[in-house]
Amino acid sequence: MRRALEFVFGPVAAGRLVVFRTLFAATLLYYVAFRWRFAAEWLTPVGYHPGGAASGGFQQAVPLLSEAALPWFGAAYFAAIVALVLGIKPRLAIWPVLLGTAYVTGADRLAAFTINKIFLGGLLILALAPPIEKDPEGRPIMRSAWPLRALQFTMIAQLFGAGVCKVRFGDWLAHSDTLWHQVQLNFMTDAAAWMVRNVSVPVWAFLQHLALAFELASPILFTVRRLRPLGYAMGLGMFVTIAVTMRELVFFALQMCAFFVLFVDEDRLARARKWLSRG
């Protein structure tokens, strides 16, 4: 019991959390910048915002902005995200980022994607995390590991839950052409169209079952240190495939890949950062 409490609430090196914060915020910046062309439709009365029965229970949760206020909101929101990416006053910058993300999600909940909710959860954990300090050798440390453990659990739960849903509610085991069909739906890219024409169905079946195996085995792949390189390889392969074949799901792929750094050995991460700084 004592070891479990120490694992969750004891002091821990914070290098992984710092890098994750940067990658997570950079993905959010990319996502928001891509979707900002629709900002007037999303955040002002210019767009269509269903209410009542037409919204299916996803009513607008916050008041909309005026067209005149939209640029000011955008400037403040983007500035806060950039500050978080660059590590400028991160404990201060993360709050407008969190509140801004909550606002744009609440302005049109019906149109918000799953990744909005993952951003909100991740940002909230980072915002509530204890201060990151420096040890005598200058390495970042944190007096409690709970934010790191909560984020690690989030990724594993997301992957494992997705695998369970594919088996329990989907047909990923019943049919070998499920992935082949899925890449031809709403998010189909030109690369996916080429692959559908030129890659045989048995190869698609192999990729389908490999992805399912990765998701179902993720609790073991990422908690057993010796298996983590296999987990990284399978995960990167799956998310690169998603990014290449499914338009706009590239943001989800980048978001999930950011979580991988939370499992990297701190010493290896420190060496990598030192090598990059020399370069």
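How much space lies in the largest pocket? Here are some notes to help you find your way around, starting with that one.

1. The answer is about 760 Å³. Keep in mind as you read on that this is a predicted model.

2. Who lines this largest pocket? The lining counts 30 residues, and those lying nearest the centre are Lys-166, Ile-242, Met-246, Leu-249 and Phe-252. Sorted by class, the lining comes to 21 nonpolar, 6 polar and 3 charged residues.

3. If you'd rather look by helix, go to H6 (114–128), H7 (146–168), H8 (178–182), H10 (201–223), H11 (228–245) and H12 (250–260), each of which supplies at least two residues of the pocket lining. The biggest giver is H11, with 8 residues.

4. Two of those pocket helices, H7 and H10, also pack against each other: their axes are 7 Å apart, at an angle of about 150°. Angles over 145 degrees count as roughly antiparallel, so H7 is roughly antiparallel to H10. The crossing here is left-handed.

5. For the H7–H10 contact itself, click on Met-155, Ile-156, Leu-159, Phe-160, Ala-162, Gly-163, Val-164, Lys-166 and Val-167 on the H7 side. Facing them from H10 are Leu-212, Phe-214, Glu-215, Leu-216, Ser-218, Pro-219, Phe-222 and Thr-223. The split is 12 nonpolar, 3 polar and 2 charged. Lys-166 is worth a second look: it belongs to this contact and is also listed among the residues nearest the centre of the largest pocket.

6. H7 has a contact with H2 (residues 15–35) as well. The axes of H2 and H7 come within 10 Å and cross at roughly 55°, so the two helices are oblique to each other. Their crossing is left-handed. Arg-16, Leu-17 and Phe-20 do the touching from H2, with Pro-147, Leu-148, Leu-151 and Gln-152 from H7. In class terms, that's 5 nonpolar, 1 polar and 1 charged.

7. Now follow H2 to H4 (residues 70–86): the axes come within 8 Å and cross at roughly 150°. H2 and H4 are therefore roughly antiparallel, and their crossing is left-handed. On H2, the residues to pick out are Arg-21, Thr-22, Ala-25, Ala-26, Leu-28, Leu-29, Val-32 and Ala-33, which meet Tyr-77, Phe-78, Ile-81, Val-82, Leu-84 and Val-85 of H4. Those residues divide into 12 nonpolar, 1 polar and 1 charged.

8. What about cavities? Searching the whole structure turns up 2 of them at 30 Å³ or more. The largest has a volume of about 190 Å³. Its lining is made of 14 residues, with Val-32, Arg-35, Trp-36, Trp-42 and Val-104 closest to the centre. You've met Val-32 already, in the contact of H2 with H4.

9. Which elements give two or more residues to the lining of the largest cavity? They are H2, H3 (39–43), H5 (90–107) and H6. H2 gives the most, with 4 residues. By class, the cavity lining has 11 nonpolar, 2 polar and 1 charged. H6 is a helix to compare by eye, as it appears here and in the lining of the largest pocket too.

Conventions: Residues are numbered from 1 along each chain as its sequence is written. This is a predicted model: local features need pLDDT of at least 70, side-chain atom pairs count only at pLDDT 80 or more; totals for chains, interfaces and linings use all residues. Side-chain values use heavy atoms; hydrogens and water are left out. Axes are lines fitted to C-alpha atoms, for helices over the stretch in contact, and angles run from 0 to 180 degrees between N-to-C directions. Angles under 35 degrees count as roughly parallel, over 145 as roughly antiparallel, 65 to 115 as roughly perpendicular and the rest as oblique. A crossing is left-handed if the near helix is turned anticlockwise from the far one by less than a right angle, and right-handed if clockwise. Contact means heavy atoms within 4.5 Å. Ala, Val, Leu, Ile, Met, Phe, Trp, Tyr, Cys and Pro count as nonpolar, Asp, Glu, Lys and Arg as charged, and the others, Gly among them, as polar. On a 1 Å grid over the protein atoms alone, a cavity is a set of points where a 1.4 Å probe fits but cannot get out, and a pocket is an open set with protein on both sides within 12 Å along at least five of seven lines; lining residues have an atom within 4 Å of a point. Grid points are joined across faces, edges and corners, and a volume is the space filled by probe spheres set on the points.
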